[in-house]
Amino acid sequence: MPKYEFPKDFKWGTATASYQIEGAVKQDGRTESIWDRFCQMPGNILRGDTGEVANDHYNRYKEDVALMKELGHTAYRFSVSWSRVLPDGVGKVNEKGLQFYSDLVDELISAGIEPFLTLYHWDLPQVLQDKGGWQNSDCVKWFEEYSKVLFDKLGGRVKYWSTLNEPFCVAFVGNFFGEHAPGIRDLGASILVSYNLMLAHAASVRLFREMKIPGEMGITLNFTPSYPYTDSEEDKLASRYNDGFAVRWFMDAIFNGSFPQDMLDLFKERGITLPDFADIASVAEDIDFLGVNYYHPAWHRYNEHSWPFYADNIRQDIAHTDRDWAIHEETLEKLLIRLKNEYNTPKMYITENGCSYNDAVTEDGEVLDYSRINYLTRHFKAVHRAIEKGVDIRGYMVWSFYDNFEWAFGRYSRFGIVHHDFDTLKRTPKQSAYWMRDVIKNNGLD
């Protein structure tokens, strides 16, 4: 037996997102999303890349699923393009677009791979953004209608559903930092977006229950745990504010039906006009699982001039990936234990974890990504330690299946365990893919 053996029926696989891999942005009735629009604005994306072709997964999904099967995967997490299914955001269904996802699900099931479907992974139809997007309270009804279309079509075949992927990025990276679509830089607007996202999530969960869809419903959050750079009270305060922003903001809403009071006080102190949050208690709908996306922690030092969290991010003298993300797997273990202890979380899945290295194919046709194997080994073991300490973790999906359009970093940032040639569209499994196949086969590692 492997030294680090995982629980029976543990799910192993990879994760992707619709805009990052599908391409075919104008094919079969799909309309523009906010990411199509954002990519057309000069300066938004490294080297001017777009997801127009990406991995052409829309036309090559059978090839991709066959490769997943060859590599031993037992689960695959993907998202649906809202504008492919509902070109006007609401109303008439695009049957060709919807059928693509039905065919993909059937292909996965035939290959013995469990589909994990995410309803929303950032690509809002542009037509809805033109109506205010997630700042418009009507978004709750829009999302509920969209959810129903997918529930009707795929309910029963898809057993694992997630409402939203990383609402932190939707709300704050897209509407406060402006680094993601729709590219807005307004903290007040982003807080409103975060509230509406939570209401939309809860509405979708309630609909799932009302329709008696068989299976499990959850949500996927990203976590960047914060630590004080020193033991000073000032650094601890800076760290707490960043933790409230990057961990507690959405966890408190989902599990407690409230936003953290210290964060509300801080935002008011900073002069931000807040929504009344009248329906925030309704967000605390029971979910079946929590999806955990984790890549790295952060260390913060107090700076009274830093807005809005009085904090500077300090780079530690430890190994980093080529995205300059610190490699610190102990933080993942601590995070999982903390989520269980502080929020009494239900079962959890690692829905994203991985690393970016600018891999290249050798003359022999291999991709020797030993740094990725090292990264994943360390994080797999950290999750195993958390399981041994009583955390209920049922699966692990590595980001990502193959190199893809990596948002603002375009085609530069390579997270895949399969190398993707963006010119020829050739897929080449990396050494990490074969290593992971052995981990899956043994349901563990030494």
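**Exercise 1. Classify Lys 148 as buried or partly exposed, then find its salt-bridge partner.**

Step 1. Lys 148 has 38% relative accessibility, so it counts as partly exposed. Buried means under 20% relative accessible area, exposed over 50%, and partly exposed in between (1.4 Å probe, protein chains only).

Step 2. Lys 148 forms a salt bridge with Asp 152, with the closest N and O atoms 2.8 Å apart. A salt bridge needs a side-chain nitrogen of Lys or Arg within 4 Å of a carboxyl oxygen of Asp or Glu.

Step 3. Both residues lie in helix H7 (residues 139–154), four residues apart, about one turn of the helix. An α-helix has 3.6 residues a turn, so residues three or four places apart point the same way. Helices (H or I, at least four residues) and strands (E, at least two) are DSSP runs, numbered from the N terminus.

Step 4. Asp 152 is partly exposed, with a relative accessible area of 47%.

The model is predicted: local features need pLDDT of at least 70, side-chain atom pairs count only at pLDDT 80 or more, and totals for chains, interfaces and linings use all residues. Residues are numbered from 1 along each chain as its sequence is written, and side-chain values use heavy atoms, with hydrogens and water left out.

**Exercise 2. State which parts the salt bridges of Asp 359 and Lys 11 tie together.**

Step 1. Asp 359 meets Arg 372 in a salt bridge (2.9 Å, N to O). Asp 359 lies in the loop between strand S11 (347–352) and H13, and Arg 372 lies in helix H13, so the pair ties together parts 13 residues apart in sequence.

Step 2. Asp 359 is buried at 12% relative accessibility. Arg 372 is buried too, with a relative accessible area of 1%.

Step 3. Sharing of partners links further salt bridges: Arg 240, Asp 243, Arg 248, Asp 262, Arg 338 and Glu 342 form one network.

Step 4. The count comes to 31 salt bridges. One of them joins the side chains of Lys 11 and Glu 114 (3.8 Å, N to O). Lys 11 is in strand S2 (residues 11–15) and Glu 114 in strand S4 (residues 114–120), so this pair ties together parts 103 residues apart in sequence. Lys 11 is buried, with a relative accessible area of 18%.

**Exercise 3. Check the length of helix H13.**

Step 1. The expected span is 1.5 Å times one less than the number of residues.

Step 2. H13 (residues 370–388) has 19 residues, so it should span 27 Å; its end C-alpha atoms are 27 Å apart, which agrees.

Step 3. Buried residues in H13 include Tyr 375, Leu 376, Phe 380 and Val 383. After H13 comes Gly 390, whose phi is positive, near 100°.

**Exercise 4. Describe the surroundings of strand S6.**

Step 1. S6 covers residues 216–223. Eight of the eight are buried, so the strand is largely enclosed by the rest of the structure.

Step 2. Glu 216, Gly 218, Thr 220 and Asn 222 point one way; Met 217, Ile 219, Leu 221 and Phe 223 point the other way. In a regular strand the side chains alternate between the two faces of the sheet.

Step 3. Strand S5 (residues 160–165) pairs with S6 in the parallel sense over four bridges. Pairing requires at least two DSSP bridges between the strands. Ser 162 stands opposite Gly 218.

Step 4. Strand S8 (residues 289–294) runs parallel to S6, joined by six bridges. Here Phe 289 stands opposite Gly 218.

Step 5. Trp 161 has contacts (heavy atoms within 4.5 Å) that include Glu 216, Met 217, Gly 218 and Phe 289.

**Exercise 5. Which residues touch the most other members of the largest nonpolar core?**

Step 1. A nonpolar core is a set of buried Ala, Val, Leu, Ile, Met, Phe, Trp, Tyr and Cys residues joined through side-chain atoms within 4.5 Å.

Step 2. This core has 148 residues, and Trp 35, Trp 134 and Trp 161 touch the most other members. Helix H9 (residues 187–210) gives the most to this core, with twelve residues.

**Exercise 6. How many disulfides does the structure hold?**

Step 1. A disulfide is a pair of cysteine sulfur atoms within 2.5 Å. The structure holds zero.

Step 2. Cys 39 is in no disulfide; the nearest cysteine sulfur, in Cys 169, is 15 Å away.

Step 3. The sulfur of Cys 139 is 18 Å from the closest cysteine sulfur, in Cys 169, too far for a bond. Cys 139 is buried, with a relative accessible area of 1%.
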